[in-house]
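User: Could you take a close look at one part of this model for me, and then carry on to the other local details a bench biochemist should know about?

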Amino acid sequence: MSWKCHGRSNAELITNLQKHGILSSKPAAEAMLKMDRADFVPDRHSSYIDAPQSIGYGATISAPHMHAYCLSMLEDHLKPGMSILDVGSGSGYLTAVIALMVGESGRTIGIEYVPELVEKSIEAIRNGPAGQLLESGTLSIHVVDGKQGYPGGAPYDAIHVGAAAAEIPQSLLEQLKPGGRMVIPVGKSMQELLVVDKHSDGSITEQHVMGVAYVPLV
Ligand code: SAH
């Protein structure tokens, strides 16, 4: 189903992701419609291709179908007013989409270890629909080792991890709110996308969603 959602425009790409049942969240679709992927990819001609693309420094902007899957699985944890951590924020695209979903009353923090990517992502976001959120500090992106998380903004309603960890970092589990959800690719050569829920009593459950191929969390 995935990899088949190419569009000739941002709107057509999003319609195709919805038609294939990958983008099931309406608020996510609305935010993705507002945020033009073309502002986050080096080659604007490939903006709406449903595949990951290199953004330099060994990083990629994930494929639209992966962004759509992750946002849809996190939908209930990306509501206005909620606090979110995006680990390995890379291009900044997904961080900015999340920021639009949680809005001015929420808090979105992106963390990325390549300073040049952080700088570029902030530049790309500044001139777009999430620029105001960046200005007000509701959305921020920091140069940090993602394995440590970002205790300053914890606890989080949702944590999205955009790079594959060998195992789930303990610090990220600790920074997840009871009732919160984390989506994280885990594994080395064989990776799996996991949905990790922390329940109100603090217990943790994991669901294995599908096999994936992400850049490693170094
Ligand atoms: N969601 C991003 C994914 C970028 S690829 C996007 O779609 O643009 C994964 C990112 O994780 C890369 O930018 C890489 O530099 C970053 N990364 C890898 N290991 C990291 C670490 N330990 N801490 C922070 N970022 C890391």
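Analyst: Helix α4 and beyond

Let's begin at a helix end: Gly103, which comes just after α4, takes a positive phi of about 70°. Before going further, please keep in mind that this is a predicted model, in which local features need pLDDT of at least 70 and side-chain atom pairs count only at pLDDT 80 or more, while totals for chains, interfaces and linings use all residues. Residues are numbered from 1 along each chain as its sequence is written, and side-chain values use heavy atoms, with hydrogens and water left out.

Helix α4 itself spans residues 93-102, and nine of its ten residues are buried. Buried here means under 20% relative accessible area, exposed means over 50%, and partly exposed is in between, using a 1.4 Å probe and protein chains only. Helices are DSSP runs of H or I with at least four residues, strands are runs of E with at least two, and both are numbered from the N terminus. Among the buried residues of α4 are Tyr93, Leu94, Ile98 and Met101.

Now to the ligand. Of the 22 residues around the ligand, His67, Ser91, Glu112, Gly146 and Val218 come nearest; a residue is near if one of its heavy atoms lies within 4 Å. Three side chains offer polar atoms to ligand oxygens: an N or O atom of His67 is 2.8 Å from one, a polar atom of Ser91 lies 2.7 Å from one, and an N or O atom of Glu112 is 2.7 Å from one. The ligand has 570 Å² of accessible area on its own, and the protein covers 99% of that; such areas come from the Shrake-Rupley method with a 1.4 Å probe, and for residues only the protein chains shown count as cover.

Who makes up that shell? By class, there are ten nonpolar, nine polar and three charged residues, where Ala, Val, Leu, Ile, Met, Phe, Trp, Tyr, Cys and Pro count as nonpolar, Asp, Glu, Lys and Arg as charged, and the others, Gly among them, as polar. Strand β2 (residues 59-61) supplies the largest share, three residues.

Leading up to β2 is the loop from β1 (53-56), and Tyr57 has its place there. Tyr57 is not a glycine, yet its phi is positive, near 60°. Tyr57 counts as partly exposed because its relative accessibility is 47%.

Met66, by contrast, counts as buried because its relative accessibility is 9%. Met66 is found in helix α3 (residues 64-74), and its C-alpha is 9.5 Å from that of Trp3, although the two are 63 residues apart in sequence.

Two buried residues in strands have polar partners. His160, in strand β6 (residues 156-161), counts as buried because its relative accessibility is 6%. A polar contact of 2.7 Å joins its side chain to that of Asp86; such a contact is a pair of N or O atoms within 3.5 Å, and within protein one must be able to donate a hydrogen and the other to accept it, with residues adjacent in sequence counting only if both atoms are side-chain atoms. Gln191 lies in strand β8 (residues 191-198), and a polar atom of its side chain is 2.6 Å from the backbone nitrogen of Tyr214.

One last backbone detail: a cis peptide bond, with omega about 0°, joins Ala154 and Pro155. Pro155 lies in the loop between β5 (139-143) and β6.
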